[in-house]
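Take a look at the chain below. How is it put together inside?

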Amino acid sequence: MRRFLLVLIVVSLVSVFAFAEPEVQLGLPVVITSAGQSAEVETVNYVADEVGLKYDYCDVLSKDELAAGVGLGGAKSAIGKHVTTLSPDPEGTKFQSLVLVLGASLKGMGASGLSVDTEVDRLKDLIEYAKANEIKIVAIAIGGEIQRGLPGSPIETMIDTVVPHADVFVVTKDSNGDGKFTKAAEDRNVPIVEIDSAFDLLDTFTQVFGL
């Protein structure tokens with residue numbers, strides 16, 4: 001009887017964890033960009049480096065660079081623009097995943113020559129291209145409560161631009177205190193991975209990218 005109860009408890013716990021952390025598999029190659037020009041994207045890149053995820057990155061990625069595939073069409077870093085190309089795939093290989101790291105910094109946008117409106121327009125162009133070309137859109141929010149705001153604020157504007165189109169959400173609990181990302185995922189029946197802190201991205205990236 002005790003053994004039966006122990007097995008039942010273990011099965012129940014496995015079911016709970018499976019429900020809490022849906023299985024998500026994302027394809028490579030992957031390109032990462034900021035959605036709002038905040039520092040959170042640097043954390044995501046650091047985690048990717050730590051787990052050996054080879055990615056292309058541009059903080060102000062354009063639709064043409066996304067369409068160019070691996071190598072970003074030869075894009076180079078310049079004032080207000082940072083480019084990293086690490087993907088081992090041949091240049092021009094179509095990206096399978098587009099990671100949008102949510103967070104708004106007026107200072108960061110200003111340094112890149114962007115306003116809230118032009119940053120939104122850039123994101124809309126990326127989303128439109130990704131949807132038309134079956135590239136998975138991954139929305140990541142790890143900035144915590146401090147990177148949330150009132151309706152109409154720059155950060156909420158970035159979130160509202162991306163959330164209706166994301167195919168996968170990866171969010172920290174303190175970034176999702178109001179359940180906004182959970183509701184968006186449920187409304188569209190797409191997976192959401194909620195983690196305790198940005199540190200947990202190490203395991204999350206290892207799992208979802210099959211590293």
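This report moves from the sheet to its central strand pairings, then to the helices and the cores.

The model is predicted. It holds an open sheet of seven strands, in the order 3-2-1-4-5-6-7. The pairing is mixed. Strand 3 (83-85) and strand 7 (192-195) stand at the edges. Each has a single partner strand, so one side of each lacks a neighbour in the sheet. Neighbouring strands are turned by 20 degrees against each other on average, direction ignored.

Strands of a sheet pair through backbone hydrogen bonds, either parallel or antiparallel. The table lists three parallel pairs, with one facing residue pair for each.

| Strand pair | Sense and bridges | Facing residues |
|---|---|---|
| Strand 1 and strand 4 | parallel, six bridges | Val30 and Ser97 |
| Strand 4 and strand 5 | parallel, five bridges | Val99 and Val138 |
| Strand 5 and strand 6 | parallel, four bridges | Ile140 and Val170 |

Strand 4 deserves a second look. Is it mostly covered or mostly open? Mostly covered: six of its six residues are buried. In a regular strand the side chains alternate between the two faces of the sheet. In strand 4, both faces are covered. Ser97, Val99 and Val101 are buried on one side. Leu98, Leu100 and Leu102 are buried on the other.

Helices pack here too. Helix 6 lies across strand 1, strand 4 and strand 5. Helix 6 runs at about 155 degrees to strand 4. Helix 8 (residues 201-208) packs on the sheet and touches strand 5, strand 6 and strand 7. The direction of helix 8 makes about 155 degrees with that of strand 7.

Now the cores. The largest nonpolar core has 39 residues. Leu98, Leu100, Leu102, Phe169 and Phe181 have the most contacts inside it. Strands and helices both feed this core. Strand 1 (30-35), strand 4 (97-102), strand 5 (136-141) and strand 6 (168-172) are among the elements that each supply at least two residues. So are helix 5 (116-132), helix 6 (154-162) and helix 7 (180-188). Which helix gives the most? Helix 5 does, with five residues.

Apart from this core lies another, of 25 residues. Among them are Leu26, Val41, Val99 and Val208.

Leu98 shows how the parts meet. Leaving aside neighbours within four places in sequence, Leu98 is in contact with residues including Val31, Thr33, Leu61 and Leu66. Leu126, Ala130, Ile135, Lys136, Ile137 and Val138 are also in contact with Leu98.

Key: Residues numbered from 1 in each chain as written. Predicted model: local features only at pLDDT ≥ 70, side-chain atom pairs only at ≥ 80, totals over all residues. Heavy atoms only, no water. Core = buried A, V, L, I, M, F, W, Y, C linked by side-chain atoms within 4.5 Å. Buried < 20%, exposed > 50% of the residue type's maximum accessible area, 1.4 Å probe, protein only. Contact = heavy atoms within 4.5 Å. Pairing = 2+ DSSP bridges. Axes fitted to C-alpha atoms, helices over the stretch in contact; angles between N-to-C directions.
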